[in-house]
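Here are a few short exercises on charged side chains and helix packing. Have a look at the model, then work through the steps at your own pace.

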Amino acid sequence: MKLYFNPASPYVRKVRVTAHELGLSDKIELISVSLTPVSPHAGVRSSNPVGKIPALITEEGTALYDSPVICEYLEALAGGNRIFPAAGPVRWTALRRQALADGIMDAAVLTRYEQAVRPKELRWQEWADGQLLKIRTALDALEREELQDVFDIGTISVACALGYLDLRFADEGWRKSRPRLAAWAAAIGKRPSLAATAPPPP
Ligand code: BEZ
């Protein structure tokens with residue numbers, strides 16, 4: 001399999017952590033790409049029409065995207081319900097947490113583009129503040145969750161979202177008012193799958 005990849009992308013990291021946990025990392029060749037909404041990558045666009053990473057090319061040559069679909073595909077390849085709980089409330093909790101964490105990533109990546117790519121004279125502060133409010137509110141909700149002793153697609157996604165905030169929004173200091181979430185992130189970050197996929201420092 002081939003995976004279009006960038007080490008900073010929290011969505012790619014989700015896929016890599018999932019592959020690592022399922023023992024599939026060795027079966028995935030990473031194709032490193034750099035891209036933004038204003039500098040798309042032709043190879044990525046030929047696999048995923050909306051031009052986003054991660055995009056996975058399976059052994060059969062089928063392109064799959066985006067991260068929730070690829071993670072579920074990898075789980076099906078590995079067999080069993082190891083990352084996606086099979087049924088019941090635990091499944092819905094895991095999927096809801098994945099959506100919450102993906103929402104943090106969406107707001108953070110859009111804000112990153114606003115800061116790093118959009119020309120200064122075109123920046124819109126209220127829009128950026130709105131994205132930051134989404135991130136803060138989602139983090140406050142996670143502070144109230146019982147994340148301990150759970151390792152599934154929900155908590156993988158949360159760990160990757162927090163890792164992206166550390167990479168690009170260290171000044172936000174998300175740990176300050178969220179001690180439970182901070183302690184949880186420190187503990188889960190020691191897992192080999194998360195340690196092996198940590199983004200390089202900026
Ligand atoms: C980043 O550099 O922050 C980034 C790169 C790829 C995807 C998303 C974010």
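**Exercise 1.** In this predicted model, decide whether lysine 14 is buried or exposed.

*Solution.* Start with the relative accessibility of lysine 14, which is 0%. Buried means under 20%, so lysine 14 counts as buried.

**Exercise 2.** Find the salt-bridge partner of lysine 14, and classify that partner as buried or exposed.

*Solution.* First, the side chain of lysine 14 meets that of aspartate 102 in a salt bridge, with 3.0 Å from N to O. Next, place the two residues: lysine 14 belongs to helix H1 and aspartate 102 to helix H4, so the bridge ties together parts 88 residues apart in sequence. Finally, aspartate 102 has 12% relative accessibility and therefore counts as buried.

**Exercise 3.** Describe how helix H1 and helix H4 meet.

*Solution.* Begin with the axes: those of H1 (residues 10–21) and H4 (residues 88–116) come within 10 Å and cross at roughly 145°. Then list the contacts: on the H1 side are Pro10, Tyr11 and Lys14, and on the H4 side Gln98, Asp102, Met105, Asp106 and Val109. Sorted by type, the residues of this contact are 4 nonpolar, 1 polar and 3 charged.

**Exercise 4.** Work out which residue pairs with glutamate 21 in a salt bridge, and how accessible each partner is.

*Solution.* The partner is arginine 191, at 3.0 Å from N to O. Arginine 191 sits in the loop between helix H7 and helix H8, 170 residues from glutamate 21 in helix H1. Both are partly exposed, arginine 191 at 31% and glutamate 21 at 22%.

Methods:
Residues numbered from 1 in each chain as written. Predicted model: local features only at pLDDT ≥ 70, side-chain atom pairs only at ≥ 80, totals over all residues. Heavy atoms only, no water. Axes fitted to C-alpha atoms, helices over the stretch in contact; angles between N-to-C directions. Helix = DSSP H or I, 4+ residues; strand = E, 2+ residues; numbered from the N terminus. Contact = heavy atoms within 4.5 Å. Nonpolar A, V, L, I, M, F, W, Y, C, P; charged D, E, K, R; others polar. Salt bridge = Lys/Arg side-chain N within 4 Å of Asp/Glu carboxyl O. Buried < 20%, exposed > 50% of the residue type's maximum accessible area, 1.4 Å probe, protein only.
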